[in-house]
Amino acid sequence: MKNSLPSYKLVLLLAFSLFLLVNTELGFLSPARALDNNTKVYIVYLGERENDDPELVTASHHQMLESFLDSKEDAHKSMIYSYQHGFSGFAALLTSSQANKISDHPEVIHVIPNRILKLQTTRTWDLLDLSQIPTSFSSSTTSVKGLLHDTNMGSEAIIGVIDTGIWPESKVFNDQGLGPIPKRWRGKCEPGEKFNATIHCNKKLIGAKYYVNGLLAEMGETFKTTTVREFKSNRDALGHGTHTATIAGGSLVPNVSFYGLARGTVRGGAPRARIASYKVCWNTMQKDGTGPGGSCSTADMWKAFDDAIHDGVDVLSVSISGDLPEDTEVDKPDFVGAFHAVSKGIPVVAAASNEGPKAQTVANAAPWLLTVAATTLDRSFPTKITLGNKQTLFGESLFTGPEISTGLAYWDSESGNNADVKGKIVLVFDTTSTYPVETKGVAGVIYAQHPDDIVDRCHAFPCIYTDYDLGTDILQYIRTTRSPTARISAATTLTGLPATTKVAEFSSRGPNSVSPAILKPDIAAPGVSILAALSPSDPNGHDGFGLDSGTSMVTPVVSGIIALLKSLHPDWSPAAFRSALVTTAWRTSPSGEPIFAEGSNKKLADPFDYGGGLVNPQRAADPGLVYDMGIEDYINYMCSKGYNDSSISRVLGKKTKCPTPKPSILDMNLPSITIPNIEKEVTLTRSVTNVGPIKSVYKAVIESPLGITLTVNPTTLVFSSEDKKVLSFTVKAKTSHKVNTGYFFGSLTWTDGVHDVKIPVSVQTRIMIKF
């Protein structure tokens with residue numbers, strides 16, 4: 001090997017070494033076409049091309065290889081790839097001796113043994129079976145299959161993200177390998193503070209606008225003069241919008257981790273999709289540390305919806321929710337903006353909120369929104385705790401070392417007698433505070449708590465989380481030992497069983513407090529410890545990436561999936577996309593294990609925890625039947641809710657009159673049936689649209705809730721021609737309960753032997769008291 005290189009070649013070598021790390025061709029995963037058992041793949045790097053003609057570049061590669069091998073035929077057999085466009089080099093099957101000889105050639109910068117890389121994302125897309133993808137857009141795409149293949153990874157889709165803006169320099173917004181911006185795009189990038197529209201926008205980030213007038217009107221000069229770290233532009237100071245945009249449509253960035261944890265390829269659900277960022281939320285934390293970290297004016301949100309509709313986005317991702325609704329949907333500007341987007345054919349995906357596990361806490365409950373709950377991944381970060389008596393326990397943390405070995409003490413949050421804790425590891429049973437223990441000079445904290453799935457609260461401080469049982473074991477050791485000690489080892493990453501999917505404790509739950517007959521949430525997706533890009537100034541990040549949890553993270557997961565589905569089915573309505581996701585969702589984890597819901601008591605998840613279930617992108621691409629809706633259905637919903645003609649007319653911008661008799665809210669054509677107050681029996685109507693083979697026959701399969709009899713008429717649906725794509729049926733529910741009950745759950749499935757179109761059924765008996 002050469003001992004010294006010209007500076008330009010050194011730069012090229014460093015760049016190429018990084019390139020090799022992230023861009024190993026997927027073809028290398030297949031059995032090697034070895035000339036003999038002693039050969040392996042080596043990559044010969046030659047630097048910049050010396051000729052603009054790719055054929056001549058390749059010919060020079062063959063000529064060089066031939067000079068080291070026995071013949072042209074051997075050279076041809078040995079050559080695997082010729083790098084002929086962006087740089088010059090080739091990959092070939094060589095013996096170690098041949099590789100050493102080639103490395104001494106004066107035109108060769110470096111010869112590097114090929115590495116076989118296992119393809120993995122930061123786990124979300126592995127879990128959802130949407131991970132067959134190369135490590136970069138420039139790698140071979142022959143292994144890309146299913147929905148990603150069929151949609152070219154969403155290359156023609158435009159995802160609108162209404163959030164805190166974008167950090168444009170992040171690697172996830174690189175436009176390497178992307179084609180021209182779709183011609184239908186009418187949006188723009190607006191310049192502003194530290195945001196140059198010409199430089200910072202590209203074929204990935206195609207739109208960047210910001211909206212602050214509504215917030216300024218509320219906060220006035222306070223916002224201008226006392227807020228910390230904010231930019232009057234689309235530049236993201238908080239990192240939240242950068243994180244969510246990454247999850248929805250970020251480009252591929254391989255070999256990313258959080259200090260070594262959760263290592264893999266960061267990317268969005270639709271990694272070739274274009275992103276349009278609409279900044280409506282701002283850092284309003286004051287310099288003294290008080291105030292909210294992110295504030296969003298509904299007036300600003302409305303304008304963002306207005307612009308997004310004009311600009312031509314295909315889906316809107318809105319990781320924003322407020323308190324529990326006190327007003328009706330038509331009185332909320334953000335709901336109205338979403339309604340107009342949906343009426344124009346733009347699906348709007350929204351967060352269920354983070355107020356779980358209490359019932360009736362789900363937000364964004366309007367029926368035109370697709371509301372998403374949060375689950376965990378099948379991934380954990382086990383952290384070994386070794387007590388002085390050699391007992392080994394495991395908690396979970398993001399602690400990456402170095403190992404801590406010191407005294408162990410109990411933090412008494414009631415008496416406050418905690419003088420002797422400095423320099424020690426402290427056991428704490430109270431996690432309701434903002435963790436003031438960390439400021440007391442302790443070496444680390446073990447929090448014993450009810451499982452809440454969140455381990456990313458502490459980033460710069462060693463916090464280990466255990467359950468109460470393990471905490472009690474540790475406390476017993478402390479109280480029975482004269483000088484207790486403990487050793488905390490660095491966390492590791494565990495994927496797959498025994499870690500499995502659960503509904504996160506923080507995820508808000510149904511039933512819907514605004515309209516109990518409308519099931520919310522609609523669907524669930526991973527939202528715990530999700531690794532994605534952040535603002536580099538975020539103290540909780542590492543190299544521009546970080547882990548975050550919340551229903552904010554699940555919203556872009558579903559938005560990215562819809563971007564793919566819309567590329568495949570451009571004529572579907574927003575309701576059709578929701579139906580496809582709900583009716584094909586997993587009711588168990590992808591590994592087949594039951595999905596539990598974390599709460600005061602762990603239980604099997606039900607529709608109020610996760611809607612139709614865990615989103616299943618591949619199956620959603622071919623649902624067979626969909627429960628479709630249009631503007632008239634939403635008008636009927638408003639009428640059934642008792643909104644007057646004047647209110648509905650304001651929403652639609654034209655005079656509208658409710659039909660007579662008033663429609664039943666139970667007849668809204670949702671991919672779910674929720675009956676909140678059955679006394680004896682009730683009959684409702686649904687219709688399904690065939691989006692599968694023209695001649696299809698579906699039969700009903702009923703799983704009745706406990707004590708409820710469901711009768712479907714007809715029990716067979718025959719789609720016999722192109723003209724007969726929509727068929728209706730009735731469902732009669734009859735209760736045998738004689739007292740008031742809680743909700744019981746079942747399902748209704750239409751099956752043709754290939755497609756199982758399943759909707760959740762939730763029924764509650766309410767007996768009227770008679771005097």
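Buried here means under 20% relative accessible area, a cut-off that comes up in several of the close-ups below, all taken from a predicted model.

**View 1. Asp606 and Lys603 form a salt bridge.**
The two side chains meet at 3.0 Å, N to O. Asp606 has a relative accessible area of 14%, so this residue is buried. Its partner Lys603 has a value of 33% and is therefore partly exposed.

**View 2. Arg509 and Asp609 pair across distant parts of the chain.**
Here too a salt bridge is in view, with 3.0 Å from N to O. Arg509 sits in the loop between strand 24 (502-503) and strand 25 (523-526), while Asp609 belongs to helix 16 (residues 607-610). The two are 100 residues apart. Arg509 counts as buried because its relative accessibility is 4%, and Asp609, at 3%, counts as buried as well.

**View 3. Asp645 meets Lys657 in a salt bridge.**
The N to O distance in this pair is 3.8 Å. Asp645 lies in helix 19 (residues 645-652), and Lys657 in the loop between helix 19 and strand 31 (673-678), 12 residues apart. With 27% relative accessibility, Asp645 is partly exposed; Lys657, at 68%, is exposed.

**View 4. Lys209, Lys303, Asp306, Asp307 and Asp311 are joined in a network of salt bridges.**
If you are browsing for charged pairs, the structure holds 18 salt bridges. As a general reminder, side chains of opposite charge can pair when their charged atoms come close.

**View 5. Helix 14 covers residues 551-568.**
Take a moment to follow this helix from end to end. At 1.5 Å a residue, its 18 residues should span 26 Å, and the C-alpha atoms at its ends are indeed 26 Å apart, so expectation and model agree. Of those 18 residues, 16 are buried, which means that helix 14 is largely enclosed by the rest of the structure.

**View 6. Four strands build an open antiparallel sheet.**
Reading across the sheet, the order is 30-32-36-34. Strand 30 (625-626) and strand 34 (708-713) are the edge strands, each pairing on one side only. Strand 32 (residues 681-690) and strand 36 (residues 726-735) run antiparallel and are joined by nine bridges. For a handy landmark, look for Val682, whose bridge partner in strand 36 is Ala733. In general, strands of a sheet pair through backbone hydrogen bonds, either parallel or antiparallel.

Methods
Residues numbered from 1 in each chain as written. Predicted model: local features only at pLDDT ≥ 70, side-chain atom pairs only at ≥ 80, totals over all residues. Heavy atoms only, no water. Expected span 1.5 Å × (residues − 1). Buried < 20%, exposed > 50% of the residue type's maximum accessible area, 1.4 Å probe, protein only. Pairing = 2+ DSSP bridges. Salt bridge = Lys/Arg side-chain N within 4 Å of Asp/Glu carboxyl O.
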